[in-house]
Amino acid sequence: MSKFTILFIYRSITRRFRRMAIAFVGVAVAIAALVFLETIMAGVGDSMINNSIAIHHGHIQCNWEGAAIPKNKFEKLTPTNTTILSRTKFSGMVTFKKKFSHLAIYGIDPIPESKHTVIANKIIDGRYLVNHGEIIIGYNLAKQLGAKTGDSLTLSVTNFKQLRLSVVGIYQTGIELLDSNTAFINKKDALGGTRELAFFLPTGSDVNVVTKKLTTRFPKIKPTPWTKDMPELTQLITLNHVAMNIVLLLAMIILAFGISNTVYISVSERTREFAILRSVGMNSFHIQLIIIVEVILLMSFAGLIGIIIGSSVAESFAIYGLDLSRWTSENRHFLLSGIIHPRLTIRAIILPAIVTFICAIISA
């Protein structure tokens, strides 16, 4: 590109600085909004997943019968900072006075469970598990039995073993299966049963990759990712991505028309200048190149500023989160928390950049 062309582009921008500045700010704000919106979409997906797996499942759940497998056997197969909760699951019957109910019993380690699952936050009467000989039951089950905190229940299993347990807490999640048919006791009080591991992976981990590794190394433990047990959640997250793609497409069209209008006015005002350039020997391709370079420069710098602003805002909100509890309180996918933490992803940066480039080409 000749020195004259560069000088002409520079003078064209500076002589119409006010109009170009307005277009620059408009593009930057639009790109920043797209970046921030994409991070919110990622955060919403993360929140729905974390809330749903915190009900009990984990990102990956394994069930098997037989000898226990030390947790350190899984360390090389899972990402750093993965939490593995060990449980014992069995069926039993609880009896209180003359009433009884068949239900699923989980023997758990109270402290790690309280940090990663939702039950500890849903206690409506009493407290969470602490000692041996304690049980927490769902609200519907307590209502059916007529039991309350402080009462003693008798737990029986098929091999005629019995255990007296004190009700220390009653929880309510709003999920019928849990509130009516599931109880939790200390793992050391468990009366046999199936072994279970729940893997809680770091945010953004690929559950399918980890599941494949676990299946290859331990085929008997039958790893099941949340994507298989919660197909409705998978579909909902996919729908969010589709909606985001539609928003990106609409934003690209709006940006293209907005910049095209600015470019059209700018070119129309310089018809005389371009005519003079043609008269002194400059061909039409060279003039087209000037216009294209002007627009690409404008969109590139505005897009870069927009990406920086959007990323900075997203990172700021990621620390404290966006409290959407008012709109998620009745949604089972937000049982644990309605706070959304935007997450900056490669997609959040790349897609707006691609949109910017496409808009520049279309506008020019």
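## Surface sites, a pocket and a cavity

Asn-81 lies in the loop that runs between strand E1 (60-64) and strand E2 (83-96). The structure described here is a predicted model. Is Asn-81 buried or exposed? Asn-81 is exposed, because its relative accessible area is 68% and the cut-off for that class is over 50%. This loop residue can also be placed relative to Pro-202: the two are 121 residues apart in sequence, yet their C-alpha atoms are 6.4 Å apart in space.

A second surface site involves helix H8 (231-269). Leu-239 has its place in H8. With a relative accessible area of 51%, Leu-239 is therefore counted as exposed. Leu-239 also belongs to a nonpolar patch on the surface. The other members of this patch are Val-242, Ile-246, Leu-249, Leu-250, Ile-253, Ile-254 and Phe-257. Together, the residues of the patch have about 800 Å² of accessible area.

The report now turns to the spaces in the model. The largest pocket holds about 530 Å³ of space. It is lined by 25 residues, of which Asp-46, Ile-49, Trp-226, Ile-237 and Arg-343 are the closest to its centre. Four elements each give two or more residues to this lining: helix H2 (17-53), helix H6 (207-217), helix H7 (226-229) and H8. Which element gives the most to the lining of the largest pocket? That element is H2, with seven residues.

The count of cavities of 30 Å³ or more comes to one. The largest cavity contains about 80 Å³ of space. Its lining consists of Met-20, Ile-259, Thr-262, Val-263, Ser-266, Val-267, Arg-270, Glu-294, Val-295 and Leu-298. The elements that give two or more residues to this lining are helix H8 (231-269) and helix H10 (284-320). H8 supplies the largest share, namely five residues.

The table sets out the volume of each space and the residue classes of its lining.

| Space | Volume | Nonpolar lining residues | Polar lining residues | Charged lining residues |
|---|---|---|---|---|
| Largest pocket | about 530 Å³ | seven residues | 13 residues | five residues |
| Largest cavity | about 80 Å³ | six residues | two residues | two residues |

Helix H8 recurs in this account. Leu-239, a member of the nonpolar patch, has its place in H8. H8 is also among the elements that give two or more residues to the lining of the largest pocket, and it provides five residues to the lining of the largest cavity.

Note on methods. Residues numbered from 1 in each chain as written. Predicted model: local features only at pLDDT ≥ 70, side-chain atom pairs only at ≥ 80, totals over all residues. Heavy atoms only, no water. 1 Å grid on protein atoms, 1.4 Å probe; cavity = no way out; pocket = protein on both sides within 12 Å on 5 of 7 lines; lining within 4 Å. Points joined across faces, edges and corners; volume = space filled by probe spheres on them. Nonpolar A, V, L, I, M, F, W, Y, C, P; charged D, E, K, R; others polar. Patch = residues over 30% accessible without salt bridge, like charges linked within 9 Å, V, L, I, M, F, W, Y side chains within 5 Å. Areas by Shrake-Rupley, 256 points an atom, 1.4 Å probe, with all protein chains shown as cover. Salt bridge = Lys/Arg side-chain N within 4 Å of Asp/Glu carboxyl O. Buried < 20%, exposed > 50% of the residue type's maximum accessible area, 1.4 Å probe, protein only.
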